[in-house]
Amino acid sequence: MVADNQQQDIPLLSDTMSHEHPEHEDCLAAHPCEKTLQRLWEYLDNALSPEDVEQVREHLAKCSECDQQRELEQLVRDKVRSSCAESAPEELKASLLEHIEKFCAAA
């Protein structure tokens with residue numbers, strides 16, 4: 001538990017991913033991690049221009065840390081998508097409707 005006078009430092013995604021890759025200096029100069037991560041959701045949504053898609057792809061191919069972030073974002077999206085596809089059992093739906101009707105009648 002954090003005391004009232006203490007502030008818990010939680011790094012932002014851009015803070016943790018704005019790093020240097022000595023082995024990929026050309027990658028940093030042409031397309032830094034921060035820029036890629038800012039456009040990651042648009043990339044996953046297929047909302048970038050073909051040129052921007054190619055830039056992001058090139059960066060992800062060279063930068064394993066950014067690519068790991070892409071994989072994580074994709075896993076979260078896939079899980080949310082599959083969770084939304086599930087439907088509640090009919091008994092639960094009926095019970096909820098009954099409670100809503102009782103609540104509305106009492107109001």
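Where does N46 lie? In this predicted model, N46 lies in the loop that runs between α4 and α5. Its phi is positive, about 55°, although N46 is not a glycine. At 70% relative accessibility, N46 counts as exposed, because the cut-off for that class is over 50%.

**Overall build**

The protein has seven helices and zero strands. From the N terminus on, the order of elements is α-α-α-α-α-α-α. Of the 107 residues, 21% are buried. Take the contacts between residues at least 6 apart in sequence: 55% of them join residues at least 24 apart.

Residue ranges for some of the helices:

| Helix | Residues |
|---|---|
| α3 | 33–38 |
| α4 | 40–44 |
| α5 | 50–62 |
| α6 | 64–85 |
| α7 | 90–106 |

**The core**

Which residues form the largest nonpolar core? It has eleven residues: C33, L37, L40, Y43, L44, L48, V53, V56, L60, C63 and C66. Helices α3, α4 and α5 each supply at least two of these residues. L40 is one of the core residues. Beyond its neighbours within four places in sequence, L40 is in contact with Q69, R70 and E73.

**Where α5 meets α6**

The axes of α5 and α6 come within 6 Å and cross at roughly 110°. That angle falls between 65 and 115 degrees, so the two helices are roughly perpendicular to each other. From α5, the residues in the contact are H59, L60 and K62. From α6, they are S64, C66, D67 and R70. By class, the contact has two nonpolar, two polar and three charged residues.

Some of these residues appear elsewhere in the picture. L60 and C66 belong to the largest nonpolar core. R70 is also in contact with L40.

**The last helix**

How many residues of α7 are buried? The count is zero among its 17 residues, and α7 is hardly covered. From its first C-alpha to its last, α7 reaches 24 Å. That is close to the 24 Å expected at 1.5 Å a residue.

Definitions and conventions
Residues are numbered from 1 along each chain as its sequence is written. This is a predicted model: local features need pLDDT of at least 70, side-chain atom pairs count only at pLDDT 80 or more; totals for chains, interfaces and linings use all residues. Side-chain values use heavy atoms; hydrogens and water are left out. Axes are lines fitted to C-alpha atoms, for helices over the stretch in contact, and angles run from 0 to 180 degrees between N-to-C directions. Helices (H or I, at least four residues) and strands (E, at least two) are DSSP runs, numbered from the N terminus. Angles under 35 degrees count as roughly parallel, over 145 as roughly antiparallel, 65 to 115 as roughly perpendicular and the rest as oblique. Contact means heavy atoms within 4.5 Å. Ala, Val, Leu, Ile, Met, Phe, Trp, Tyr, Cys and Pro count as nonpolar, Asp, Glu, Lys and Arg as charged, and the others, Gly among them, as polar. A nonpolar core is a set of buried Ala, Val, Leu, Ile, Met, Phe, Trp, Tyr and Cys residues joined through side-chain atoms within 4.5 Å. Buried means under 20% relative accessible area, exposed over 50%, partly exposed in between (1.4 Å probe, protein chains only). The expected span of a helix is 1.5 Å times one less than its number of residues.
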